[in-house]
Amino acid sequence: MAERMLKFVSVPQRTPDKRDAVARRRDWDEIYRAFSAERAAEQAARCSQCGVPFCQVHCPLGNNIPDWLKLTAEGRLEEAYEVAAATNTFPEICGRVCPQDRLCEGNCVIEKGYDSVTIGAVEKYITDTAWERGWIVPPNPRHELPFSVGIVGAGPAGMAAAEWLRRKGYAVHIYDRHDRAGGLLIYGIPNFKLEKPVVLRRWEQFAAAGIVFHQDCAVGRDVGLGELRARHDAVLIATGVYKPREIGGPGAGLAGIVPALDYLTASNRKGLGDRVAAFDDGTLDAAGKRVVVIGGGDTAMDCVRTAIRQGARSVQCLYRRDRANMPGSLREVKHAEEEGVEFVWLAAPEAFLGDGRVRAVRAVRMHLGLPDATGRQQVEPIPGSSFTLEADLVIKALGFDPEDLPTMFGEPDLACTRWGTLKIDHRTMMTSLAGVFAAGDIVRGASLVVWAIRDGRDAAAQIHRYVQATAARPLAVAAE
Ligand code: FAD
Ligand code: SF4
Ligand code: SF4
C-alpha cells in the first residue's frame with residue numbers, strides 16, 4: 001500500500017481545471033473540467049489511509065472514502081464505484097455540489113502543512129466513469145415484497161429512500177407536484193453547478209427499476225394524505241421547504257422585485273427547453289438589466305451567477321454582513337467575483353424606489369456590533385449612511401421556510417415544530433401520524449443535498465422496520 005498511496009509528500013493537491021471566467025459567462029456548462037484517469041489516480045494516491053479517517057466521520061453519509069481512494073489509485077474503478085454507491089444514492093451529484101471544504105475535505109487530516117485530498121472530485125470522477133462504462137444499472141430488487149410505500153416529493157431525500165426501498169422489494173410510488181423529478185436538483189441548483197442530464201439519467205434508471213412516478217401530482221390538492229395512507233403500507237413526506245422569506249419596507253411590492261426560486265426555476269426550465277411565460281415576457285429574464293440580489297447565502301450566489309449568464313448589464317449582491325460572516329460558501333463568492341459580480345458588503349435595503357416598476361434600491365450601511373447569545377455578531381445600521389443602487393430587477397434571496405403542511409394536507413394532527421418543520425421521533429423518523437415518516441429539508445429546514453440523501457436512507461431503513469413489524473395491516477388499522 002505504502003508504495004502506491006501516501007503520495008501527498010511528492011504530489012501537490014490539484015483540483016480539476018476550472019474553465020476561464022470569460023468563457024463561463026457565455027454558457028451554462030459546469031465550470032470544472034473532468035479529471036483525466038491519470039490525474040484522478042494520482043490525486044487519490046495522496047491519501048495517507050488514516051486509521052481513523054476524519055474525512056469519513058465528517059461525511060454525512062459516512063462514505064468509505066479511504067477505500068474508494070485506494071481502489072482509484074490502483075485503477076480498480078468498478079470496485080471503487082461499488083464502494084461509493086454502497087452508501088450514496090447520488091455520488092456524482094455530491095461530488096459536484098457538496099460543500100466539501102466544510103465536510104469531508106475540510107476534515108482531511110493528511111499530514112499538517114499539506115493540502116487535503118480532493119475527495120469530491122475523485123467521487124465525481126469514479127461515478128461519471130461508471131456511467132460512461134455502463135456499470136450503473138437500475139436498482140432492481142431480487143424479489144418483490146407484497147408491500148408498498150408512498151413517497152411525497154421526488155427531491156434527493158425522497159429519491160434516496162425510493163432507491164433503498166425498491167432494492168428491498170417494495171412497490172414504491174413517488175408523488176411530486178412538478179413535471180420532472182429531482183426537486184431542487186432539477187429546478188433550484190443551476191446547470192453551471194449541476195448539469196441537468198446528470199439528474200435526469202438517475203430518474204430514468206429509477207423508473208426502469210419499476211419505481212412509479214406520479215408527476216404533476218400535488219398532495220393536498222390532487223390527492224389527500226389520508227388517501228395515500230390508505231393506499232400504502234407507509235408514507236414518507238419529503239417535500240422540502242419552499243416558502244420564501246419576505247422583505248418589507250416602502251416599495252417592496254413594486255414590479256420587478258422577484259423571489260429567488262421563481263427566478264432560478266424559470267432559468268432552469270428554459271435550459272431544459274420549456275416555454276416559460278414569465279421568462280419570455282421579460283419578468284424573470286435579467287438580459288440587459290441592472291440586477292441587485294439581496295442575500296448572502298448559496299441561493300443568492302446562484303442568482304448572481306445566473307444573471308451574469310443571462311447577459312445582465314450589471315450584477316450587484318447586497319449583503320448586510322461582511323465576507324467573513326456570510327452563510328454562503330466563499331468558493332462560490334470567488335467564482336462569482338471572477339465572473340463579474342460586484343459584492344456590496346455590510347449594506348441592507350431600506351426602500352425600493354420606482355413608479356410601478358422598481359428603478360432603484362435605497363440601502364443603508366451596516367456595522368457589526370456585539371455578539372448575541374448565539375455568538376453571532378449583530379448588525380446595526382449606521383445613521384445617515386443611505387445610498388442608492390440603480391436596479392431594473394431585484395431578486396430576493398433571503399432563505400426559505402416550510403409551507404404549512406397540516407393545512408395543505410388537511411391533517412391538523414400532523415405535528416410541527418415552532419419553525420414549521422415536521423416534528424419526528426428522531427429514533428424512528430415517524431411523524432405524529434402512525435406510519436407517516438418524514439425526511440430532508442422538511443425536517444431539518446433548508447439544508448444540504450447530502451443530508452437529504454442521508455435522511456432518505458435512514459427513513460427507508462425505519463420504514464422497512466415498521467412495515468415488517470406491522471406486517472400487512474393497513475395503515476388506518478395500524479394507527480389505532
Ligand atoms: P427538495 O429537493 O426541495 O424536494 C422536495 C420535492 O417535494 C420537490 O420536488 C417538490 O416539488 C415536492 N413537493 C413539495 N410539496 C409537495 C406536495 N404537496 N405534493 C407533491 N410534491 C411536493 N445543497 C447542496 O448541498 N449544495 C448546493 O450547491 C446547493 N445549492 C442550492 C441552491 C439553491 C438555489 C437551493 C434553493 C438549495 C440548494 N441546496 C444545495 C440545498 C439542497 O438543494 C436541499 O437541501 C435539498 O434539495 C433538499 O432535499 P429534499 O429532498 O428535502 O427537498
Ligand atoms: Fe464529501 Fe459529500 Fe462525498 Fe461525503 S458525499 S464524501 S461530504 S463530497
Ligand atoms: Fe485519506 Fe484524508 Fe481521509 Fe485520511 S482524512 S483517509 S488522508 S482522505
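This passage looks at how two domains of the chain meet and at some of its salt bridges.

In this predicted model, the chain is split by the domain assignment into domain 1 (2-132), domain 2 (148-241 + 402-479) and domain 3 (247-259 + 285-397). Domains 2 and 3 have C-alpha centres 34 Å apart, and they touch through four residues of domain 2 and five residues of domain 3. About 400 Å² of area is buried between domain 2 and domain 3, with 59% of it coming from carbon and sulfur atoms. On the domain 2 side, P190, F192 and K193 do much of the work, giving 94% of the area that this domain buries against domain 3.

One salt bridge crosses this interface. It pairs the side chains of K193 and D302, with N and O 3.0 Å apart. As for polar contacts, the count between domain 2 and domain 3 is one residue pair. The domain 2 side that touches domain 3 is made up of three nonpolar residues, no polar ones and one charged one.

Across the model, the count of salt bridges comes to 38. Take D27 and R19: their side chains meet at 2.4 Å, N to O, and both residues are buried. R76 and E79 also form a salt bridge, with their closest N and O atoms 2.8 Å apart. Here R76 is partly exposed, at 36% relative accessible area, and E79 is partly exposed too, at 35%.

Another salt bridge links E338 and K334, at 3.8 Å between the closest N and O atoms. These two sit four residues apart in helix α15 (residues 330-339), so about one helical turn separates them. Shared partners join K18, R24, R305, R309, E332, K334, E338 and E339 into one salt-bridge network.

Technical notes
Residues numbered from 1 in each chain as written. Chains lettered and ligands numbered in written order. Predicted model: local features only at pLDDT ≥ 70, side-chain atom pairs only at ≥ 80, totals over all residues. Heavy atoms only, no water. Domains from an automatic or database assignment. Contact = heavy atoms within 4.5 Å. Buried area = accessible area lost by both parts, 1.4 Å probe. Salt bridge = Lys/Arg side-chain N within 4 Å of Asp/Glu carboxyl O. Polar contact = N/O pair within 3.5 Å; in protein donor to acceptor, adjacent residues only side chain to side chain. Nonpolar A, V, L, I, M, F, W, Y, C, P; charged D, E, K, R; others polar. Buried < 20%, exposed > 50% of the residue type's maximum accessible area, 1.4 Å probe, protein only.
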